[in-house]
Amino acid sequence: MYLLIILLPLLGSFFSGLFGRFVGFRGAVLLTTSGVLLSFFLSCVAFYEVALQGSSCTIELSPWFVSELFDATWGFYFDSLTVVMLIVITSISSLVHIYSIGYMGQDPHLPRFMCYLSIFTFFMLMLVTADNFIQMFFGWEGVGLASYLLINFWFTRLQASKASIKAMLVNRVGDFGLALGIMAIFSVFKTLDFSTVFALSPYLADTQIVFCNLEFHALTCICLLLFVGAVGKSAQLGLHTWLPDAMEGPTPVSALIHAATMVTAGVFMIARCSPLFEYAPKALLVVSFLGAMTCFFAATTGLVQNDLKRVIAYSTASQLGYMVFVCGLSHYSVGVFHLMNHAFFKALLFLSAGSVIHALADEQDMRKMGGVVQLLPFTYAMMCIGSFALVGFPFLTGFYSKDVILEVAYARYTLSGNFAYLLGSICVLFTSYYSFRLLFLTFLAPTATFKSSLKTVHDAPFIMAFPLMLLALGSIFVGYLARDMMIGLGTPFWSNALFVLPKNSVLLESEFIPQTQKFLPLISTGAGAALAYIFNISQVWASYRLKMTNAGKNLYRFLNKRWFFDKVYNDFISENALKFGYTISFKTLDKGSFEILGPSGIAHSFINMGQYISRLQSGLVYHYAVVMLLGIVILITVISLWEFLEILLDNRFYFVYLISFLFYNYYSIKKTHSVDG
Amino acid sequence: MVSAVQRLRAIHLYRHSLKNMLSWAVRREVFYAEAERIRGEFDQLKTLDDPIQIERALERGEARLRDHQHPDPYIVPYRPGGSMYARNPPFDPSVHIHLDFGREGH
């Protein structure tokens with residue numbers, strides 16, 4: 001059963017991908033969707049067995065490669081963390097599969113699309129069920145590949161190709177860090193099995209490792225390298241640039257990969273490696289700082305974006321920041337809880353956005369929307385539920401995790417805790433602002449839509465509406481239902497899946513923080529909503545004038561252009577890398593080494609040199625006299641400095657000169673022959 | 001006397017100013033008022049007939065447009081740069097696509 005959970009999506013993908021033309025649209029849809037749905041039902045059984053009944057299990061499938069000290073196996077490990085991820089992945093994936101039937105129904109490449117969605121699900125399941133780092137890395141790279149294929153689904157679009165290559169390249173930077181981290185783990189622990197590594201981590205907590213010729217605390221170094229991987233995959237500040245561009249893919253892809261599942265792989269990995277991170281406090285500090293900064297950066301950028309999907313994408317990055325910083329504050333369970341909640345409401349938001357885009361003839365710009373609340377009442381209701389859950393409206397899903405995150409950050413009383421709390425609290429206001437701005441501009445403001453779009457506007461058909469309904473239920477109830485189970489004080493739910501050092505746990509203290517601090521997120525949410533109303537509905541002139549002042553315009557540009565991160569990366573990194581790749585590595589090293597050091601280069605240079613030297617024979621005596629004088633001076637210098645020069649002049653050079661002359665003569669002879677011939 | 005090139009530049013400037021304003025002013029009431037203001041500014045200079053003065057006014061206008069350029073201008077989905085542009089190139093007319101899951105004929 002456990003293996004079937006992983007295998008079914010692979011089978012679906014295999015048949016719809018390779019036999020798509022044979023099974024047709026209907027066959028491909030049925031195969032993939034039923035595979036993933038079955039996988040979801042089996043995941044529910046696994047959740048009951050593993051998480052609720054507390055029976056974790058391991059499956060050793062087969063050896064992968066065995067060489068002396070290093071053994072890698074195909075093995076699967078099901079504990080609470082895994083099954084929570086299984087439920088999230090398979091449920092969202094099933095709903096996205098069903099939604100895609102409607103959304104992509106008009107696309108001539110539907111079987112390929114369904115194949116990619118299923119292969120993504122398979123790789124994601126491999127990632128979360130792995131019992132060793134190598135297999136996790138396999139899944140990690142696999143989801144990267146699936147993400148590339150899906151962003152580039154409309155491969156005839158230049159923007160889509162660019163976005164997918166960008167996603168691939170930026171993720172490679174992160175994966176490089178992750179691979180180094182895995183190698184470092186092997187060099188310290190001599191194994192890559194999760195169980196062994198995590199069991200040994202307390203005993204090797206003080207080990208040192210030499211990395212780049214410098215000695216570091218081993219676990220800090222390992223955790224930071226692993227975190228680089230998480231930064232790439234979870235779009236944290238620095239390697240975040242790919243996520244907004246990935247919105248080039250179809251909307252169901254954005255919902256499944258770039259909101260609910262793949263981007264949370266980094267958070268999952270940090271949670272999975274909690275026994276390592278707990279013994280690396282400095283790494284935790286970096287994690288929490290970077291998470292908080294990402295949260296702030298993405299939220300500010302989301303404020304002024306005009307593309308519907310981009311606003312939600314920045315919101316995703318911001319929420320990922322919350323998850324990462326709470327992991328950095330050692331509350332992995334809260335991070336995973338927010339991950340699960342976020343998956344539901346963000347998938348709902350994305351799919352509702354897709355529904356709006358679909359209804360408005362693929363219009364994505366919010367400036368050309370508005371007033372469709374009466375035409376799309378169902379989608380509006382769904383979007384409202386998603387947005388309210390996102391901003392942490394009381395008793396909806398986001399409320400239970402977001403408030404706990406902020407309370408935990410407040411109760412830490414450390415530098416990283418205070419920093420995260422400060423930025424996190426400001427972000428609550430921003431989150432509320434952009435969520436309500438999205439609602440107002442899309443549905444409630446007077447319409448700016450094209451007449452042609454309005455004429456054909458229609459609410460989502462049942463096949464698209466059904467997943468939305470289920471996700472809406474999830475967005476309303478999941479937080480309430482799972483709160484005590486997952487983050488309740490002293491809950492046995494996680495058993496050995498997550499490890500927190502007792503000194504780092506402040507869940508109890510967070511219950512006793514001042515009441516004003518507990519109400520602050522709610523007040524911020526209200527203030528954000530009010531500001532969004534003022535700026536986008538009631539006082540449009542005031543907001544317009546504010547925007548058109550010099551300072552306003554500059555700030556708008558700065559935020560709209562994502563703090564100029566892309567420009568800096570392009571101008572200072574990409575461009576130089578491209579120049580290096582072309583001028584140095586291709587023209588000079590690859591092509592140049594053959595041309596310059598090879599026969600033709602030597603032959604040409606000697607001819608040129610011969611011609612150049614022949615100019616010395618000018619027929620003027622004083623020229624010759626100068627040359628003779630210089631010759632004698634050089635001769636005397638060389639003889640007197642011979643002891644020193646002897647070391648510098650290598651005998652092997654003579655051989656190179658000899659060979660060069662041979663080729664020179666050969667080339668000259670050939671040339672003479674050809675002239676004669 | 002205005003030259004043909006200047007005339008074209010003026011039209012171009014007016015059109016682009018309006019388009020740019022459409023990206024800044026999201027609400028129509030704001031856009032209409034701003035569009036009227038832009039029109040007024042153009043009308044004020046309508047009577048200019050000295051080529052040098054016209055040239056100066058055009059340069060001023062173009063510089064202002066550059067200065068006010070929206071960082072994320074609105075693009076119609078099916079135009080280059082839009083979200084639908086080059087999504088699925090049209091098939092050869094002889095190719096028939098089954099979109100209703102192969103059940104069209106049933």
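These are my notebook entries on what I looked up in this predicted model.

**Ground rules.** I number residues from 1 along each chain as its sequence is written, with chains lettered from A and ligands numbered from 1 in the order in which they are written. Because the model is predicted, I accept local features at pLDDT of at least 70 and side-chain atom pairs at pLDDT 80 or more, while totals for chains, interfaces and linings use all residues.

**Chain A overall.** I looked up the secondary structure and found 29 helices and four strands in chain A, these being DSSP runs numbered from the N terminus (H or I of at least four residues for helices, E of at least two for strands). The C-alpha atoms of chain A fill a box of roughly 100 × 65 × 60 Å along the principal axes. Of the 677 residues in chain A, 51% are buried, where buried requires 20 or more other C-beta atoms, placed from the backbone, within 10 Å of a residue's own.

**Core.** I then turned to the largest nonpolar core, which has 214 residues; such a core is a set of buried Ala, Val, Leu, Ile, Met, Phe, Trp, Tyr and Cys residues joined through C-beta atoms within 7 Å. Helix α15 (residues 332–359) of chain A gives the largest share of this core, 18 residues. A:Ala347 is among the residues with the most contacts inside the core, and I list its partners, leaving aside neighbours within four places in sequence, as A:Ile92, A:Leu95, A:Ala255, A:Ala259, A:Ala260 and A:Leu471 (contact means C-beta atoms, placed from the backbone, within 7 Å).

**Two helices.** For helix α2 (residues 20–52) of chain A, I noted 33 residues with end C-alpha atoms only 39 Å apart, short of the 48 Å that a straight helix would reach at 1.5 Å a residue, and a bend of about 80° at A:Arg26, taken as the angle between axes fitted to the seven residues ending there and the seven starting there. For helix α14 (residues 308–328) of chain A, the end C-alpha atoms are 31 Å apart, which agrees with the 30 Å that its 21 residues should span at 1.5 Å a residue. I also recorded that 21 of the 21 residues of α14(A) are buried, and that A:Ser330, just after this helix, takes a positive phi of about 75°.

**Hairpin.** Strands β3 (residues 208–211) and β4 (residues 214–217) of chain A run antiparallel and are joined by four bridges. The hairpin has two residues between its strands, and A:Cys212 takes a positive phi near 55° there.

Technical notes:
A residue is buried if 20 or more other C-beta atoms lie within 10 Å of its own, exposed if 12 or fewer, and partly exposed in between; C-beta atoms are placed from the backbone. Two residues are in contact if their C-beta atoms, placed from the backbone, lie within 7 Å. Two strands pair if DSSP finds at least two bridges between them. The expected span of a helix is 1.5 Å times one less than its number of residues.
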